[in-house]
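Please open the structure in your viewer and display the side chains. The tour proceeds by selecting a few residues at a time.

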Amino acid sequence: MQKRLTVIVILLLSVMGAAAQDTPYVLKDTIIRRHSFFPLPVAGYSQEKGLEIGAAMLYSFYTDNKHPDPLTRNSTINLIPSITTKKQWKIDLKTDIWTHANLWHFKSNLRYHDYPIYFYGIGDTTHKADQSLLNNKRYKVQLEGERRIGGHFYAGASLLYQHDAYDSKDNKGIYPGLALVDKSGGYYTFIGLTGIYDNRDNQNYTTNGSWARLNVAYAPDIFSTRALWKIEAQGKHFIPISRKSTLALNINYSTVQGSQIPFYLLSEMGNDLLMRGYYAGRYRDQNYLAFQAEYRYFWDPKIPINIWFVHMQPKFALVAFGGTGSVFNNHNFDFGSFKPNYGIGGRWFYDESARLTIRMDYGWGEKRPGEPRQSGLYLSLAEAF
């Protein structure tokens, strides 16, 4: 039985949060432009990794300080390194850059990890008893860029290179005896085109507006182990219910197509953003469709904290969410196979001018016969969507 422990150093977070901010701020339309830096130290334990020590560090800034535009969104650099006592480690660097007046938008993700994962097989009926522990080394480079072409519409291109190597860590479970495409790994280079509609009032903690994205990408066999197509379609809509509450809606669809598809590129259900409560990759297949709704309530207890050099008046949001989703191949789509998820969470606005938050969620999923109910605790920087 897998056991996990997450340790959050509350006092340290309070001190760092206070140091990252200049003045108290109430959420409203007026923007106070400033840079901020926030490190979130986290320690954890699991049987497959041992003791894990890491951090999530986010730096927020504006690219047009010399000639500022009030509409320009904040840009972020997010670095997440961690290491375990079993000599496993990972490093994840993400950037999200908005230029003057949001004319251009650039995103990148550079990742390397040497980390174990659990593999349960393919499809939406996998069993916990079949889990295999795999070693996985991954190199990933992802680049995206879009330009506003009129109104709230953006068009651009994407590039994704990913190289994976897999082997069985303990020679148990379903993996050793299962015939899989690219069982020991491979490499893929996806080149794509992207279209986006975005009229959100804020990209970090949205209270009004919509966002939709379509990306179509092709991995030619000259740059990949084999030729594949990948399509991703996403939509978000935010409805203000009152001055303090918002209903957020989200739909996601992804598909991978080709004559032979490696198991590690199949669409995976479950993570800290979508279908919270499911282990990432517990269910995987060619297609993935999921819906989620989240109710967010802004809460200002108006309690000032003055301890030594810490001077702050923290503000929060309370959250309840629910959704449903499923993975399926090209021939067995069935709404009856969709699985539930639901949960609660809390947010702390550590940079109120940019509406940047620390997010803590607990999600529950389905309970399969003979297994405990699937669930998970999530701690991260920024909203799920």
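The stops below concern aromatic rings first and charged side chains afterwards.

This is a predicted model, in which local features need pLDDT of at least 70, side-chain atom pairs count only at pLDDT 80 or more, and totals for chains, interfaces and linings use all residues. Residues are numbered from 1 along each chain as its sequence is written, and side-chain values use heavy atoms, with hydrogens and water left out.

**Aromatic rings**

Select Phe119 and Phe263, an edge-to-face aromatic pair with centres 5.1 Å apart and 65 degrees between the planes. Rings of Phe, Tyr and Trp (its six-membered ring) pair if their centres lie within 6.5 Å, and planes over 60 degrees apart count as edge-to-face. Phe119 belongs to strand 6 (residues 104–119) and Phe263 to the loop between strand 12 (245–257) and strand 13 (267–269), so the pair ties together parts 144 residues apart in sequence. Strands are DSSP runs (E, at least two residues), numbered from the N terminus. Phe119 is buried, at 0% relative accessible area; buried means under 20% (1.4 Å probe, protein chains only). Now add Tyr166, Tyr175 and Tyr264, which form one aromatic cluster with Phe119 and Phe263.

**Salt bridges**

Next, select Arg276 and Glu294, whose side chains meet in a salt bridge (2.8 Å, N to O). The term denotes a side-chain nitrogen of Lys or Arg within 4 Å of a carboxyl oxygen of Asp or Glu. Arg276 is buried, with a relative accessible area of 0%, and Glu294 is buried, also at 0%. Finally, extend the selection to Asp272, Arg296, Arg347, Arg359, Asp361 and Glu383: salt bridges that share partners join these residues with Arg276 and Glu294 into one network.

Conventions
Rings of Phe, Tyr and Trp (its six-membered ring) pair if their centres lie within 6.5 Å; planes under 30 degrees apart count as stacked, over 60 as edge-to-face and the rest as tilted. Helices (H or I, at least four residues) and strands (E, at least two) are DSSP runs, numbered from the N terminus. Buried means under 20% relative accessible area, exposed over 50%, partly exposed in between (1.4 Å probe, protein chains only).
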